[in-house]
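Dear colleague,

I am handing over a structure that will be new to you, and I would be glad if you kept it open while you read. The notes that follow the structure set out what was found in it.

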Amino acid sequence: MKKFVPIIIAVVLIIFIIFLFFGKSNYKFLNSGNNMSNKSADEIKNYILNMDSFSAEVLVTVTSNKTTNTYSLNQKFKGNQYIQELLEPENIAGLKVQYDGTNLKVDNTKIGISKLYENYKYITNNSLWISTFITDYKNEENERNMYEENDTIILNVKVKNENIYSSNKKLYIDKKTAKPVKMEIQDITQNLKVYILYNKVEINTLQEENIIAFKLNEIENMI
């Protein structure tokens, strides 16, 4: 009987290690968003509408009456804190906007100029942010709808009392990954004015309590 004890202990240890490994793997799996592939459209919609944090590389194309311009950005937010950095075009790259929930700081890293706007209240009115879309979708209960096309979930909202150039917004979500793919913003005549393409999207992965890279007491002499 004694000779079987080490074998039993070894088996228990192996089972424990396997359990521990898959337990950790499943924890990462559940938190990565990859398990959303078997969720319903409503579950994925609620997942997007209730995200706590978001980061992505964003390609924005803005069309006016005469010109079309494309910009490459890094966007990140957690709660009510935001960071956006302009990557391209090269001639204006380096512009960085940071919002700590109350104050807005604008940096031009190329020429070393910074400006602070205290008690700034308009960050959530910026249509380039996916959080603005979420707010609009939640508020406009009678002007929103959801539908599916193939493997894509589309959230559509018409925004009242909005700039005529961004009165209708559509967010396209990959049903397999539950991640935003693109956003289209139309004017009042349904002409496409802003097209946003999302790359390297991460949702609910930012763990830091404060993602802002500046502290107000460090820049008091700047204003």
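I begin with Glu148, which is partly exposed, with a relative accessible area of 42%; here buried means under 20% relative accessible area, exposed over 50%, and partly exposed in between, using a 1.4 Å probe and the protein chains only. Its side chain meets that of Lys175 in a salt bridge, at 2.8 Å from N to O, where a salt bridge is a side-chain nitrogen of Lys or Arg within 4 Å of a carboxyl oxygen of Asp or Glu. Because Lys175 lies in the loop between strand E9 (168-174) and strand E10 (179-186) while Glu148 lies in strand E7, the pair ties together parts that are 27 residues apart in sequence. Lys175 is also partly exposed, with a relative accessible area of 23%.

Before going further, please note that this is a predicted model, in which local features need pLDDT of at least 70 and side-chain atom pairs count only at pLDDT 80 or more, whereas totals for chains, interfaces and linings use all residues. Residues are numbered from 1 along each chain as its sequence is written, and side-chain values use heavy atoms, with hydrogens and water left out.

Overall make-up

The protein holds three helices and eleven strands, where helices (H or I, at least four residues) and strands (E, at least two) are DSSP runs numbered from the N terminus. Along the sequence these elements follow the pattern α-α-β-β-β-β-β-β-α-β-β-β-β-β. Of the 223 residues in the protein, 36% are buried. If one takes the contacts between residues at least 6 apart in sequence, 41% of them join residues at least 24 apart, with contact meaning heavy atoms within 4.5 Å. The protein exposes about 13900 Å², of which carbon and sulfur atoms supply 52%; accessible areas come from the Shrake-Rupley method with a 1.4 Å probe, and for residues only the protein chains shown count as cover.

The sheet

Eleven strands form an open sheet with antiparallel pairing, in the order E6-E5-E4-E3-E2-E1-E11-E10-E9-E8-E7; two strands pair if DSSP finds at least two bridges between them. The edges are strand E6 (113-117) and strand E7 (144-149), each of which pairs on one side only. At the E7 edge, the partner is strand E8 (residues 152-158), joined to E7 in the antiparallel sense over six bridges, and Asn145 stands opposite Asn156 in E8.

Further salt bridges

The structure holds eight salt bridges, and two more of them can be described here. The side chains of Asp42 and Lys45 meet at 3.8 Å, N to O, and both residues lie in helix H2 (residues 41-49), three residues apart, about one turn of the helix. An α-helix has 3.6 residues a turn, so residues three or four places apart point the same way. Asp42 is partly exposed, with a relative accessible area of 44%, whereas Lys45 counts as buried at 18% relative accessibility. The other pair is Lys182 and Glu184, whose side chains meet at 3.7 Å, N to O; Lys182 is partly exposed at 21%, while Glu184, at 14%, counts as buried.

Helix H3

Seven of the ten residues of helix H3 (residues 130-139) are buried, so this helix is largely enclosed by the rest of the structure. The buried residues are Ile130, Ser131, Thr132, Phe133, Ile134, Asp136 and Tyr137.

Backbone details

Most residues other than glycine have a negative phi, and most peptide bonds are trans. The peptide bond from Glu88 to Pro89, however, is cis, with omega near 10°. Pro89 is found in the loop between strand E3 (81-88) and strand E4 (95-99) and is partly exposed, with a relative accessible area of 27%. Leaving aside its neighbours within four places in sequence, Pro89 is in contact with Thr70 and Tyr71, and from Tyr71 it is 18 residues away in sequence but 6.1 Å away in space, C-alpha to C-alpha.

Two residues that are not glycine have a positive phi: Ala178, at about 60°, and Asn204, at about 55°. Ala178 is found in the loop between E9 and E10 and counts as buried, at 0% relative accessibility. Asn204 lies in the segment after strand E11 (192-203) and is partly exposed, with a relative accessible area of 27%.

With best wishes
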